[in-house]
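Work through the exercises below with the structure open beside you. Try each task before reading its solution.

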Amino acid sequence: MKITGTGIGQGVAVGSVVRMAERLPEPVDRPSHLDPKLEGERAKASMSVVAAELMSRGAKAGGAAQDVLEAQAMIAEDPSLVDEVANRLENGKTAERAVFEAFASYRDLLAGMGGYMAERAADLDDISQRVIAHLLKLPAPGVPDPGHPFVLVARDLAPADTATLDLDQVLGLVTVDGGPTSHTAILAREKSIVAIVGAADASGLADGDTVIVDAANDLVVSDPSADEVAAAKARIAERAALEAAPVTPGALADGTPVPLLANLGSADGAAEALRLGAEGVGLFRTEFLFLDADTAPSITDQQAQYTRMLSAFAGKKVVVRVLDAGADKPLSFLNDAAEENPALGLRGIRALRHSEVILREQLTALAAADAATDAELWVMAPMIATVDETRYFTALAKELGIRVAGVMVETPSAALVADHVLAACDFASIGTNDLTQYTMAADRLLGTVAKLQDPWHPAVLRLIADVGRAGAELGKPVGICGEAAADPLLAVVLVGLGATSLSMSPSALADVRASLARYSPDDAKALAGAALAAEGAAEARAAAQAVASEITTAREAAS
Ligand SMILES: C=C(OP(=O)(O)O)C(=O)O
Ligand SMILES: [Mg+2]
């Protein structure tokens, strides 16, 4: 049987299914036939077992996950919660019902507090489920540990589960819910987990079923034939060889360079990006450093962060984006007003222009970090919609000592007047995530419209082609820094449309590098032409795939 979903990355995995235990039903509220004291002992014992389990999982995981799990273990034995449970047992409830009610009342309390405290509410649910499962002698919810490598099938994963996934054990991941921008997908991409999300029919898979998880083809194959398993294993070996191959600079088959850069949110990911062959940073999302801040960060703090990143990439290009506040990335010190349509509101350059001091301070900190390091700093502004905004940003950046200043093209308006926009700055970098959202009028965070969020749509590709053409005419670089650059075939199309560099999650670099090396500049243009001429996203992908197969077949016949 073949089950479709959204593949994350290009990996393949073969293994047997272990399902994540489903949420337990609410324990029935009936009087206990046991003595309250006995019920109390049952509850206490289960709470201690769960606390000990969480501690040991934390010790195994280490790092930030250990802190999270140790905090959860403390909650499991929190004296006031124990009291809450005891009170309910006195009233004749069963241990499982008392635990359920006590944790639920605390959860509601936390949820009502909002902010950071409210985020802990989900943790309480998780602990409550674990204690109740232990009381009922049922498998604990959460990631199972069968003692052998397996393919994890779940409705979706909680952040605490994803944080502790053992990558030596979890060969692949299939979720019933979730879209390409869900937390699970983002994490799977970051950790290079072979994953299919949003596979609705995966709820029919049972423990022990053999499956092939084929992320490149958006497919889960259950009960595969021996030939299908052999073919999947051959692809796994091929990919392992690819990963072990020497890391070379990005280039097309004839050697035309296409620098491959990393998208990073802090210098923490720099070493891994360099190991995977990043030739620099194509998008440093600076707002990720300050998501929890209540006030604008000081120049000194910012300078320290930027210096860390630039030092890690000495001799290489680092494209820093000034704060992109708003919509999916709110920064309370820049835009805290409630808006009906935040994606269309005071975000990106609009918010910065509104609070120019913050923009000035950021540019000042960047210029100082540049002066203290040897990287090649480029700075760009997000959410540019007009030539006026482009002129405003570049003039301010140059005034404050930034040598190379450009803009992100992520609105259709900026793409449509790209010739004028590029004439007013040094470079453009296309943010395909937002450009797709605004072109297709489909919220990038909304699962119900996820199908429309497809950068293969020719409407998006035509806008990219306009920017590529303008860049070529003016001799100005046009990079791509949205998720589209991480799709190996689309990456070739983007180069055919005029992209001069590609920036992506570091885990995608190897696949994109291998894909580019298969095609000449003319091949890339042929793929782009076929995709541009299609009527929709699926047709564009299929048309590019057809041209790619023709090229491969012709080459095989010639050799
Ligand atoms: C790279 C982009 O920026 P972000 O995803 O941070 O909005 C984009 O919109 O494509
Ligand atoms: Mg964007």
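**Exercise 1: an unusual loop residue**

Task: Decide whether Lys137 counts as buried or exposed.

Solution. This is a predicted model. Start with the neighbour count: Lys137 has 7 C-beta neighbours inside 10 Å. A residue is exposed if that count is 12 or fewer. Lys137 therefore counts as exposed. Next, place it in the chain. Lys137 lies in the loop between helix 6 (121-135) and strand 4. Last, check the backbone. Lys137 has a positive phi of about 55°, although it is not a glycine. Most residues other than glycine have a negative phi.

**Exercise 2: a second case**

Task: Find where Ala441 sits, and state whether it counts as buried or exposed.

Solution. Ala441 belongs to the loop between helix 17 and helix 18. Its phi is near 50°, a positive value in a residue other than glycine. Now count: 9 C-beta neighbours fall inside 10 Å, so Ala441 counts as exposed.

**Exercise 3: the domains**

Task: List the domains and give the separation of the centres of domain 2 and domain 3.

Solution. Domain 1 takes two stretches, 2-20 and 143-233. Domain 2 covers 36-135, and domain 3 covers 256-520. Over C-alpha atoms, the centres of domain 2 and domain 3 are 43 Å apart.

**Exercise 4: the open sheet**

Task: Give the strand order of the open sheet and name its edge strands.

Solution. The open sheet has 8 strands in the order 1-8-7-3-4-5-6-2, with mixed pairing. Its edges are strand 1 (2-4) and strand 2 (6-8), each pairing on one side only. From one strand to the next, the twist averages 30°. Helix 9 (residues 226-244) packs on this sheet and touches strand 3 (12-19), strand 7 (210-214) and strand 8 (219-222). The direction of helix 9 makes about 115° with that of strand 3. Now take one pair. Strand 4 (residues 150-154) and strand 5 (residues 170-175) run parallel, joined by 5 bridges. Within that pair, Phe150 has Val170 as its bridge partner.

**Exercise 5: the barrel**

Task: Trace the closed barrel and find the helix that packs on strand 13.

Solution. The barrel has 8 strands, running 9-10-11-12-13-14-15-16 with parallel pairing. Neighbouring strands are turned by 25° against each other on average, direction ignored. Helix 18 (residues 458-474) packs on the sheet, touching strand 13, strand 14 (428-430) and strand 15 (478-480). Its direction makes about 160° with that of strand 14. Look at two pairs. Strand 9 (residues 260-264) and strand 10 share 3 bridges, and Ala262 stands opposite Val281. Strand 12 (residues 376-381) and strand 13 (residues 404-409) share 4 bridges, with Trp378 opposite Val404.

**Exercise 6: the ligand shell**

Task: Which element gives the largest share of the shell around ligand 1?

Solution. List the shell: Leu283, Arg285, Asp324, Glu410, Gly431, Thr432, Asn433, Asp434, Cys481 and Gly482. Two elements give two or more residues: strand 10 (280-285) and helix 17 (432-440). Helix 17 gives the largest share, 3 residues. Strand 10 is mostly covered, with 5 of its 6 residues buried.

**Exercise 7: a helix checked by length**

Task: Compare the expected span of helix 21 with the distance between its end C-alpha atoms.

Solution. Helix 21 (residues 521-533) has 13 residues. At 1.5 Å a residue, it should span 18 Å. Its end C-alpha atoms are 18 Å apart, so the two agree. Its buried residues are Asp523, Ala524, Ala526, Leu527, Ala528, Ala530 and Ala531. Their cover includes helix 18, helix 19 (488-496) and helix 22 (537-558).

Technical notes. Residues are numbered from 1 along each chain as its sequence is written. Chains are lettered from A and ligands numbered from 1 in the order in which they are written. This is a predicted model: local features need pLDDT of at least 70, side-chain atom pairs count only at pLDDT 80 or more; totals for chains, interfaces and linings use all residues. Domain bounds come from an automatic or database domain assignment. Two strands pair if DSSP finds at least two bridges between them. Axes are lines fitted to C-alpha atoms, for helices over the stretch in contact, and angles run from 0 to 180 degrees between N-to-C directions. Two residues are in contact if their C-beta atoms, placed from the backbone, lie within 7 Å. The expected span of a helix is 1.5 Å times one less than its number of residues. A residue is buried if 20 or more other C-beta atoms lie within 10 Å of its own, exposed if 12 or fewer, and partly exposed in between; C-beta atoms are placed from the backbone. A residue is near a molecule or strand if its C-beta atom, placed from the backbone, lies within 6 Å of it.
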